[in-house]
Amino acid sequence: MTLWQGEGFDYVQVYTTPAYPGQSLAVAIEPMTAPADALNSGLGIRRLAPEETWTLHWGITFS
C-alpha cells in the first residue's frame, strides 16, 4: 500500500486501535494540511478569502 499526498499536505496522522468492532486491529491514515492542534498553535493554518478555492490531491494505491 502506498499513500501519496500532493502539494499542500505537509503532515500525516496515523491512528491505530485494537478496539474496532469485529477487527483485531484498525488503522486510520489521514493526510493533513496542518498538524494536530493547529487551531491553537496557528502552525500550518491557511485561511481562504471569500470565494477562494484550494484544491488538493491525495490517494492510496494498493499493489
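Strands here are DSSP runs of at least two residues, numbered from the N terminus. With that in hand, select Thr-17, which sits in strand E2, residues 11–17. Keep in mind as you click around that this is a predicted model.

**Stop 1: Thr-17 and Ala-19**

Is Thr-17 buried or exposed? Thr-17 is buried, because its relative accessibility is 13% and the cut-off for buried is under 20%. Now show its side chain: it reaches the backbone nitrogen of Ala-19 at 3.0 Å. Move your selection to Ala-19 and you're in the loop between E2 and strand E3 (26–32). Ala-19 counts as exposed, at 63% relative accessibility.

While Ala-19 is still picked, add Gly-59 and draw a C-alpha to C-alpha distance. The two are 40 residues apart in sequence and 26 Å apart in space.

**Stop 2: two backbone oddities**

Most residues other than glycine have a negative phi. Go to Asp-37, in the loop between E3 and helix H1 (38–41). Asp-37 isn't a glycine, yet its phi is positive, about 70 degrees.

Next, pick Glu-51, in the loop between H1 and E4. Its phi is also a positive value in a residue other than glycine, near 75 degrees. Glu-51 is exposed, with 81% relative accessibility.

**Stop 3: Arg-46 and its partners**

Select Arg-46, Glu-52 and Trp-54 together. Which side chain meets Arg-46 in a salt bridge? That's Glu-52, with 3.5 Å from N to O. The structure holds 1 salt bridge, so don't go hunting for others, because a pair has to have a Lys or Arg side-chain nitrogen within 4 Å of an Asp or Glu carboxyl oxygen to count.

Both ends of the bridge are partly exposed: Arg-46 has 42% relative accessibility, and Glu-52 has a relative accessible area of 34%. Now turn to the Trp-54 ring. Arg-46 lies over its face, at 4.4 Å from the ring centre.

**Stop 4: the nonpolar patch**

Last, switch on a surface and select Met-1, Trp-4, Trp-58, Ile-60 and Phe-62. They form a nonpolar patch on the surface, with about 600 Å² of accessible area together. Phe-62 comes in the segment after strand E4 (58–61). Phe-62 is exposed, because its relative accessible area is 66% and exposed means over 50%.

How many aromatic pairs does a search of the whole structure find? The count is 0.

Methods. Residues are numbered from 1 along each chain as its sequence is written. This is a predicted model: local features need pLDDT of at least 70, side-chain atom pairs count only at pLDDT 80 or more; totals for chains, interfaces and linings use all residues. Side-chain values use heavy atoms; hydrogens and water are left out. Patches are made of residues with over 30% relative accessible area and no salt bridge: like charges are joined within 9 Å, nonpolar side chains (Val, Leu, Ile, Met, Phe, Trp, Tyr) within 5 Å. Accessible areas come from the Shrake-Rupley method with a 1.4 Å probe; for residues, only the protein chains shown count as cover. Helices (H or I, at least four residues) and strands (E, at least two) are DSSP runs, numbered from the N terminus. Buried means under 20% relative accessible area, exposed over 50%, partly exposed in between (1.4 Å probe, protein chains only). Rings of Phe, Tyr and Trp (its six-membered ring) pair if their centres lie within 6.5 Å; planes under 30 degrees apart count as stacked, over 60 as edge-to-face and the rest as tilted. A charge sits over a ring if NZ of Lys or CZ of Arg is within 6 Å of the ring centre and within 35 degrees of the ring normal. A polar contact is a pair of N or O atoms within 3.5 Å; within protein, one must be able to donate a hydrogen and the other to accept it, and residues adjacent in sequence count only if both atoms are side-chain atoms.
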